[in-house]
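Reader: Could you walk me through this structure, one question at a time?
Author: Gladly! Have a look at it here, and then we can begin.

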Amino acid sequence: MDTTKQHQTKKQATVPLQAKKHQIAFAVRAWWMIIIRNRNYFQPLVAIFVTFLLIATINFTGKKNNIQSSEAYPKENMQASDDSDLETHQKNSSDSPSRCDFFSGKWVFDNISYPLYSSQCSYISDQVACDRYGRKDSKYQNWRWQPHHCDLPRFNATALLEMLRGKRIVYVGDSLNRNQWVSMVCLVESSIPDSQKSLDWSGQDGALITFKAKEYDASIQFYWAPLLVESNSDHPFNHRLPDRIVRIQAIEKHARYWTDADILVFNSYLWWRRTTMKLLWGSLDSSDAIYKEVEMLRSYEMALKTWSDWLEFHVDRSKTQLFFASLSPTHLWNYEWISGGEGNCYNETEPLTREGHWGGGSDARMMRLVEAAIEGLGRRGVKVQVLNITQMSEYRKEAHPTIYKKHYGTVTEEQLSNPVSYADCIHWCLPGVPDAWNEILYALLLNTSSSFSSPSMKIT
C-alpha cells in the first residue's frame, strides 16, 4: 500500500477516536463533582463506579488498537504475508539440507553419473573385486542413493582432500569398515598423481593400513579391530578361530593407533553375532585369568561401555569428529523377498523396492545399545554422529560379491555344483553400496564447515 494513503487512512480512523476520548473525560469530571458534593450519599457507590470506569477504559483501548491495526494493514496484505511465511516454512522443512535426513530415501538407477570411479581401481581388494573375478552384470554399480527431501552434494575428491589437508581419517572396525575404507580410497585416488600417493602397512601385525596423499599431507587409514575391544581375533589376517575370546575391559592396545586422529569412523557388529561370548578379565597369556560366558547383548553393551569411557577421557573434543556406522545388513535368506525361497543373494540382479524392508540378519536390539551409548556420550559432552546405513543397504540384495571374489580356502566340487552354498552375501562389490555411505559421510563433513548441519539420526 502507498505510504501517503496509509497515513491518510490512519488519520481518518484516529480523529473520531480522539473526540470520543474527550467526551468520556468530560463525563467523568462531571460525575466526580456530583460525588464530591454529595459524598455521604454516594460513598457506597464509589467502588462500583471506579470498577466500571476501569472496564470501560480497557475496552475502549482494545477497540482503538484493533481499528488502527485493521486500517493500517488491510486483510489482503495480512493473508499474503501468512501465505508467504507458510510457503517459506514448507520449503525449509522439505528442501533445506539442515533439516534433511540423508538416510531416508530410495535407490535411483543412474548409468550416466555412476559409478563414481572405475572398477579397475587398483586398491580394490580381491574380496570385493567382483568384476575382476568374473561377474558379468554391472548394473549394481549404477544405482544412486537419493534422499527423499534433498539432494546429496556431488562427491568432490579435491574438496575432500582439502578438508583432510594435514589430517588423518581412520576407519576402525571389521571387514565391512575396511570395505568402506577401500571405497573412500578409490573415490579420491584418481585425482592424485601416482608419485603423490602411497599405501603402507604398520602397527602390530600390519593392523593399520595407511593411504597417503602426499601433496595434502592427508592420511586415509583403516585399523583392524573387529570387536573394538581387544580379543584373540585381533590379527588382521589370521583371525578365524573356533573359540573367540574378548578382553571386555581392554581397548588401549588398539586405541593408541588412533588417539590423535582428526576423524574416526567406528563399526562393530558381525563379530558379535553368536549366542554367547567368552569374556576375559586379565591377559590372554595369564594362567590365572578369569573367563566367563556372557549372553551376547550384555557382552556387546559392556564393550560399548569400554569404548565410550575411552572416548570420554582421551578424545580431543575440540579436534576429533566421531562417527559410528550402524550395522551393514546381510542377505542370507531369499525367502525374505521370495515366497518359499531356499537360496540367498546369489544370482540377484535388482534391488528390493518395498520401502521399509528389514532382514532377519539385522539385530535392531544391538543398534539400540549403540544409540544408548552415543546418547550417554552426548550427555558427557562427547558428540558422535551415526552413519545410519542399515535401512538404505537393506534394499541392495544384488550388490554382494556372492561367488565373484578370491576364495582363500579350497572350493570343493560339491560347492561348485551349488553356488548358493558358498556365496558371500555379507560384503559389498566395489564400486557399489559403500560408495553411498561415503557420499553421506562427505556430506556430513562438508556440513561442519558450512552454515547447516544434518540432524541427529535415530538408528532404528
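**A walk through the fold**

Author: Four of the five residues of strand β2 (residues 143–147) are buried, so β2 is largely enclosed by the rest of the structure. Please keep in mind that this is a predicted model.

Reader: Which strand pairs with β2, and over how many bridges?
Author: Look at G105 to start with: its bridge partner in β2 is P147. The two strands run in the antiparallel sense. The partner is strand β1 (residues 105–109), and the number of bridges is five.

Reader: Where is P115, and what kind of peptide bond joins Y114 to P115?
Author: P115 sits in the loop between β1 and β2. Omega of the bond from Y114 to P115 is near 10°, and the bond is cis.

Reader: What is the omega of the bond between L430 and P431?
Author: P431 belongs to the loop between α10 (413–416) and α11 (433–447). The bond that joins L430 and P431 is a cis peptide bond, with omega about 0°.

Reader: Which strands stand at the edges of the open sheet of seven strands?
Author: The order of this sheet is β4-β5-β6-β3-β9-β12-β13, and its pairing is mixed. An edge strand has a single partner strand, so one side of it is left without a neighbour in the sheet. That description fits β4 (197–202) and β13 (384–387).

Reader: How many bridges join β4 to β5?
Author: One pair of bridge partners is D200 with T210 in β5. Strand β5 covers residues 208–213 and runs antiparallel to β4. The bridges joining them number six.

Reader: Which strands form the open sheet of four, and which of them are at its edges?
Author: Here the order is β7-β8-β10-β11, again with mixed pairing. Two of these strands pair on one side only, and they are the edge strands β7 (230–231) and β11 (290–295).

Reader: What is the bridge partner of R247 in β10?
Author: Strands β8 (residues 245–247) and β10 (residues 276–281) run parallel and are joined by three bridges. In β10, the partner of R247 is L280.

Reader: What angle does helix α7 make with β11?
Author: Helix α7 (residues 296–314) packs on the sheet of four strands, where it touches β10 and β11. The direction of α7 makes an angle with that of β11 of about 115°.

Reader: Which residue forms a salt bridge with E301?
Author: The partner lies three residues away, about one turn of the helix, and both residues are in α7. E301 is partly exposed at 37% relative accessibility. The closest approach from N to O is given as 3.1 Å, and the partner is R298.

Reader: How far apart in sequence are D309 and R380?
Author: The side chains of D309 and R380 meet in a salt bridge, at 3.4 Å from N to O. D309 is in helix α7 and R380 in the loop between α8 and β13, so the pair ties together parts whose separation in sequence is 71 residues.

Reader: Is E312 buried or exposed, and which network does it join?
Author: R380 also forms a salt bridge with E312, with the closest N and O atoms 2.5 Å apart. Buried means under 20% relative accessible area, and E312, at 18%, counts as buried. Salt bridges that share partners make one network of K305, D309, E312 and R380.

Reader: Is L228 buried or exposed?
Author: L228 is found in the loop between β6 and β7. Its phi is near 65°, a positive value in a residue other than glycine. With a relative accessible area of 3%, L228 is buried.

Reader: What is the relative accessible area of D217?
Author: D217 is in the loop between β5 and β6 (218–224). Phi of D217 is positive too, near 50°. D217 counts as partly exposed, with a relative accessible area of 42%.

Reader: Which residues make the nonpolar surface patch of about 290 Å²?
Author: One member, W333, lies in the loop between β12 (321–325) and α8 (364–379). W333 is partly exposed, with a relative accessible area of 33%. The patch is made by L332, W333 and Y335.

Key: Residues numbered from 1 in each chain as written. Predicted model: local features only at pLDDT ≥ 70, side-chain atom pairs only at ≥ 80, totals over all residues. Heavy atoms only, no water. Patch = residues over 30% accessible without salt bridge, like charges linked within 9 Å, V, L, I, M, F, W, Y side chains within 5 Å. Areas by Shrake-Rupley, 256 points an atom, 1.4 Å probe, with all protein chains shown as cover. Salt bridge = Lys/Arg side-chain N within 4 Å of Asp/Glu carboxyl O. Buried < 20%, exposed > 50% of the residue type's maximum accessible area, 1.4 Å probe, protein only. Pairing = 2+ DSSP bridges. Contact = heavy atoms within 4.5 Å. Axes fitted to C-alpha atoms, helices over the stretch in contact; angles between N-to-C directions.
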